[in-house]
Amino acid sequence: MSTVKLTVNGKAVSADVEDRTLLVHLLRDHLNLTGTHVGCDTSQCGACVVHIDGRAVKSCTVLVGQASGANVTTIEGISKGDELHPMQAAFRDNHGLQCGYCTPGMIMSAIDIVTRYGGKLDEDTVRSELEGNICRCTGYHNIVKSVLDAAARMSVAQAAE
């Protein structure tokens, strides 16, 4: 057992866990942050994507000890109170989800994509960047549309700050 200290969604967290504990299990089982999903257990689907120190990472591939001292943001930590993050709003407005299982990971990956590319995104780039995220329902068209819409919203929001 090890004591791990990190910041999750802006709050300091300390947990005693086995050294082999994956970050996804700390989030879900110890911190009750169940928006981060376990989809495949093989890092193929992307349902478990969170941000570690601002970068999208599949949390099923990270041992908790590797995240010690890091700043972790989950899907629960991206909205501001009742106000949805622009990516969440774009997914809602553009019907970028159906069953919703992949949605948290898609949204976290998409935020990372927009952060890295800024306003220089096109459909081909979004599709290529989302290859590590699997959706079994939508066919991706509305997901791509959502990401492009959110990229514009996020640029406007950043310009206003």
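These legends walk through four close-ups of a predicted model.

**View 1. Threonine 21, sitting in a loop.**
Look for threonine 21 in the stretch between β2 (11-17) and α1 (23-30). Its relative accessible area is 14%, and buried means under 20%, so threonine 21 counts as buried. The side chain of threonine 21 reaches out to the backbone oxygen of glutamate 18, at 2.8 Å. If you skip its neighbours within four places in sequence, threonine 21 is in contact with Leu26, Val62, Leu63 and Val64.

**View 2. Tyrosine 101, in the loop between α2 and α3.**
Here the loop runs between α2 (86-93) and α3 (103-117), and tyrosine 101 is found in it. This residue is partly exposed: its relative accessible area comes out at 40%. The side chain of tyrosine 101 gets to the backbone oxygen of valine 38, at 2.6 Å. Valine 38 also shows up among the contacts of tyrosine 101, along with His37, Gly39 and Ala47, once neighbours within four places in sequence are left aside. Another residue to pick out is isoleucine 134: it is 33 residues from tyrosine 101 in sequence, and the two C-alpha atoms are 9.9 Å apart in space.

**View 3. Helix α3, mostly covered.**
With 15 residues, α3 reaches 20 Å from its first C-alpha to its last, which is close to the 21 Å expected at 1.5 Å a residue. Twelve of those 15 residues are buried. To find them, start at Thr103, Pro104, Gly105 and Met106, carry on through Ile107, Met108, Ser109 and Ala110, and finish with Ile111, Asp112, Ile113 and Val114. Just after the helix comes glycine 118, which takes a positive phi of about 60 degrees.

**View 4. Where domain 1 touches domain 2.**
The domain assignment gives domain 1 (2-73) and domain 2 (86-160). Their centres, taken over C-alpha atoms, are 22 Å apart. On the domain 1 side, 16 residues are in contact with eleven residues of domain 2. The size of an interface is often given as the accessible area lost when the parts come together. For this pair of domains, the buried area is about 1,000 Å², with 55% of it on carbon and sulfur atoms. On the side of domain 1 that touches domain 2, the elements giving two or more residues are β3 (49-52) and β4 (55-58). What about polar contacts and salt bridges? Seven residue pairs are in polar contact between the two domains, while zero salt bridges are found across the interface.

How values were computed: Residues are numbered from 1 along each chain as its sequence is written. This is a predicted model: local features need pLDDT of at least 70, side-chain atom pairs count only at pLDDT 80 or more; totals for chains, interfaces and linings use all residues. Side-chain values use heavy atoms; hydrogens and water are left out. Helices (H or I, at least four residues) and strands (E, at least two) are DSSP runs, numbered from the N terminus. Buried means under 20% relative accessible area, exposed over 50%, partly exposed in between (1.4 Å probe, protein chains only). A polar contact is a pair of N or O atoms within 3.5 Å; within protein, one must be able to donate a hydrogen and the other to accept it, and residues adjacent in sequence count only if both atoms are side-chain atoms. Contact means heavy atoms within 4.5 Å. The expected span of a helix is 1.5 Å times one less than its number of residues. Domain bounds come from an automatic or database domain assignment. Buried area is the accessible area (1.4 Å probe) that two parts lose on being put together, summed over both. A salt bridge is a side-chain nitrogen of Lys or Arg within 4 Å of a carboxyl oxygen of Asp or Glu.
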